[in-house]
Amino acid sequence: MTNNTMTKGMSRIDGRLKVTGAARYSAEFTPAGMVYGVLVGSTITKGSIRLIDTKAAERAPGVLKVITWLNSPKIAGYQVEHGKPEPAKGTYKLFYNNKILFNGQPIAVVVADSFERALFAASLVKAQYNADPHHTNLRDNAAKAFAPEGDGTTKRGTEDAWKTAPVKLEQEYIIPSEVHSPMELHAIIAKWDAEDKLTVWTKTQGVQDTRDGIAGIFKLPKENIQVNSKFVGGAFGSALQVWPHEVAAILAAKAVKRPVKLLLGRADMFTSVGYRPYTWQKIGIGATADGKLVGITHEAIGQTSTYEDFNEGPIGVSRSTYACPNVNTIYKLAALDIGSPTWMRGPGEATGAFALESALDELSYELKIDPIELRMKNYASTDPESGKPFSSKFLDEAYKLGAEGINWKDRNAKPASVTKDGWMVGYGMGGGMFGAYRDKAAAKAILMADGTLIIQTAVSDIGPGTGTAMVTIAAGVMGIPADKIRFDMGDSSLPLAPSQGGSATTATVGSAVYQACTDLKEKFQKLIGNGGTDHPDYAAILKQHSLPKLEVTVESSGGTERDKYAFYSWSVHFIKVLVHPATGVVKVDRAVCVADSGSIVSPKTARSQIVGGAIGGIGMALMEETVIDHRYGNIVNNNFADYHVPVNADIPQIEALFVNKPDPHINPMGAKGMGEIALIGMAAAVANAVYNATGKRVRELPITPDKLVGMDLELS
Ligand code: MOS
């Protein structure tokens, strides 16, 4: 590596493959004899299938099979032990019975010799239903919400202490459902190699978790299942579990004795692979006149399905972000006739931080204290919830970096007081936090006779540049140039790795790679003897000892330090917005996002992570909203014309800054995660900037022009 690459970071090792189209995603493999599956979705929202007519579809050209609940083979993992009752909750079971639990639920899979023929035949499947009344609106069903297991109602200090504070406020905040919207559609190719042996290519954040999930559903030995996911075009939490469309393809492949490809359409991506749940929140917050927090009460009701309790704990942020003696939280779920939600970037915290960081901002105006100063007055130096010291926290430095970056001193504390060229100008900030995890992972490092280093581990790379980070770590330890290192991943037969999720990959898998390379280098040092050398010529040593290669496999995980410290990554986002008073259009003019996530292993891809998360946050703040027509229970904006995600024209220059100080406790690299904190707090920062610009507080996302126009914007 040159000095320049050391400071600026390596470019993506797979960048060329991706931009030339040489990278192959899960839908792009072509096993011999492959045929195509297409799902048919329910057009009602709740009830049962009275009659399903598949004859026309079966007679259509090229059709090999139509599977419905009437002829579906029994799926071993779905079956309930004889005499035992059907469990009230659990994951949804494909083609298990005639019950309809949500709009768009698959009622049939059609398999044909071409995608077009399968699609046409699917249009011929006709169902008649017995429809029951459905409930898809959280607002109308909040009264029936119930406390989920774990992480619901908690209390520290005195309950509702905020009510006794000299300065206080209570407000409600709403976020709508949002969908992950990765560029790459979910897809699977399923191929049975024998009666009980299966290979799949599927979009997943974890090849081994998917393998284990399939093993559980089909009651197959894990070692009989091979899962491949070499490239993933974004996932954001949508590929952390085995979904019904994957089950459908596996079933269909068995039925037709051919490999089956099943690719979801964009509309299916709104109903079939989860979403961030619509959540209502209420925050009561109070402080002394000089800005010391007295109490926070954070209440939330999130939507879930009738068949599964999805608990993402959005109230957790209020317990650990600020030093506040009295915090109580109440979290409930409302079960609606919709598909289950799932994890989506910053799950829980992104939702909770919108409410908490908006409420803090509102409080800062009540107190007439600068929002950064208010946060510094309540800075938590130890985890207020557990009492443990933080493994590291340099958020105060992040505040300084960000404030300088955005020119915070240009902010006028009086809302709706600055205009430029006919636009109202405002500044806002919002913070994020997320647990810094380190799980168990293994890695194998092999030094080949030609001096090439091969690193192997079963991790997926859903886009952040994991391979690049791992090669950077290996290059640093071994002193081998990056172009002589090969990184193998996305294959369930490789050494143990968890799913890529919860911002834990670099800390987890990176530690295993670091350890494997350290041990391998030591093995070489021993061969040389005399204490070794810092820059061994690996190929020469192998030759000298007549060895074809040298390899080590290590398993690595966190230890007792995990109990001693509270591990978190921190972020703060600074935003400058322009708001057009006549049309209510909001333009994010500048964004400065600062991460305190330990040492930065891979500067270029870390920057991309922050920029990508910030864009997601701008989408959350200004555009994204899944709209259900509650009369019918279906999503009406299930396409990219109607469900808006930010495009280049919506995105300003985004500056990503890093405190870049090692966490001394998390792992040998000192690196904490940053995938989630890149987004968490961003929506509040935008909403807070809109308030500063206009004097209008929007507490229900997204901040679309109609909401602002309705508020009659004018200078104060
Ligand atoms: Mo993430 S929501 O852990 O992919």
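In which hand does α6 pass α7? The crossing is right-handed. Keep in mind that what you are looking at is a predicted model, and let's use this pair of helices as the way in.

Helix α6 covers residues 207-218 and helix α7 covers residues 244-256. Their axes come within 12 Å and cross at roughly 60°. That angle makes α6 oblique to α7, because it falls in neither the roughly parallel range, under 35 degrees, nor the roughly perpendicular one, 65 to 115. If you want to see where the two helices touch, pick out Thr210, Ile214, Ile217 and Phe218 on the α6 side. They meet Glu246, Val247, Ile250 and Leu251 on the α7 side. Sorted by class, this contact comes to 6 nonpolar residues, 1 polar and 1 charged.

Stay with these two helices for a moment, since they turn up again in a pocket. The second largest pocket holds about 700 Å³ of space. It is lined by 36 residues, and the ones closest to its centre are Gly90, Thr91, Tyr92, Lys93 and Tyr307. Which elements give two or more residues to this lining? They are α6 and α7, and α7 gives the most, with 3 residues. As for the make-up of the lining, count 16 nonpolar, 14 polar and 6 charged residues.

Now for the enclosed spaces. How many cavities of 30 Å³ or more does the structure hold? There are 4 of them. The largest has a volume of about 160 Å³. Its lining takes in 16 residues, with Phe270, Ile338, Gly339, Ile628 and Ile635 closest to the centre. Those numbers are spread widely along the sequence, so it helps to highlight them together on the model. By class, the lining of the largest cavity has 7 nonpolar, 8 polar and 1 charged residues.

The second largest cavity holds about 70 Å³ of space. Of the 13 residues that line it, Phe95, Asn97, Lys99, Gln105 and Pro106 are the closest to its centre. Two strands, β4 (99-100) and β5 (106-112), each give two or more residues to this lining. Here the classes are 8 nonpolar, 3 polar and 2 charged. Phe95 deserves a second look. Where does Phe95 sit? You'll find Phe95 in the loop between β3 (63-68) and β4. Its phi is near 55°, which is a positive value in a residue other than glycine.

Back to helix packing, with two more pairs to go through. Two packed helices are described by the angle between their axes and the distance between the axes. Take helix α9 (residues 349-367) and helix α17 (residues 682-694). Their axes are 8 Å apart and the angle is about 30°, and α9 and α17 are therefore roughly parallel to each other. The crossing of α9 past α17 is right-handed. On the α9 side, the contact uses Ala353, Phe354, Glu357, Ser358, Asp361 and Tyr365. Facing them in α17 are Ala683, Ala684, Ala687, Asn688, Tyr691 and Asn692. In terms of class, that is 7 nonpolar, 3 polar and 2 charged residues.

Follow the chain on from α17 and there's a backbone detail to check. Which two residues does a cis peptide bond join? They are Leu701 and Pro702, with omega at about -5°. Pro702 lies in the loop between α17 and α18 (705-709).

The last pair is helix α12 (residues 466-478) with helix α13 (residues 505-528). Here the axes come within 9 Å and cross at roughly 30°, which makes α12 roughly parallel to α13. Once again the term to use is right-handed, this time for α12 passing α13. From α12, the contact draws on Thr466, Met470, Ile473, Ala474, Val477 and Met478. These meet a run of α13 residues that includes Thr505, Thr506, Val509, Gly510, Val513 and Tyr514. Cys517, Thr518, Leu520 and Lys521 of α13 also take part. By class, the contact has 10 nonpolar, 5 polar and 1 charged residues.

Note on methods: Predicted model: local features only at pLDDT ≥ 70, side-chain atom pairs only at ≥ 80, totals over all residues. Heavy atoms only, no water. 1 Å grid on protein atoms, 1.4 Å probe; cavity = no way out; pocket = protein on both sides within 12 Å on 5 of 7 lines; lining within 4 Å. Points joined across faces, edges and corners; volume = space filled by probe spheres on them. Nonpolar A, V, L, I, M, F, W, Y, C, P; charged D, E, K, R; others polar. Helix = DSSP H or I, 4+ residues; strand = E, 2+ residues; numbered from the N terminus. Axes fitted to C-alpha atoms, helices over the stretch in contact; angles between N-to-C directions. Parallel < 35°, antiparallel > 145°, perpendicular 65-115°, else oblique. Left-handed = near helix turned anticlockwise from the far one by under 90°. Contact = heavy atoms within 4.5 Å.
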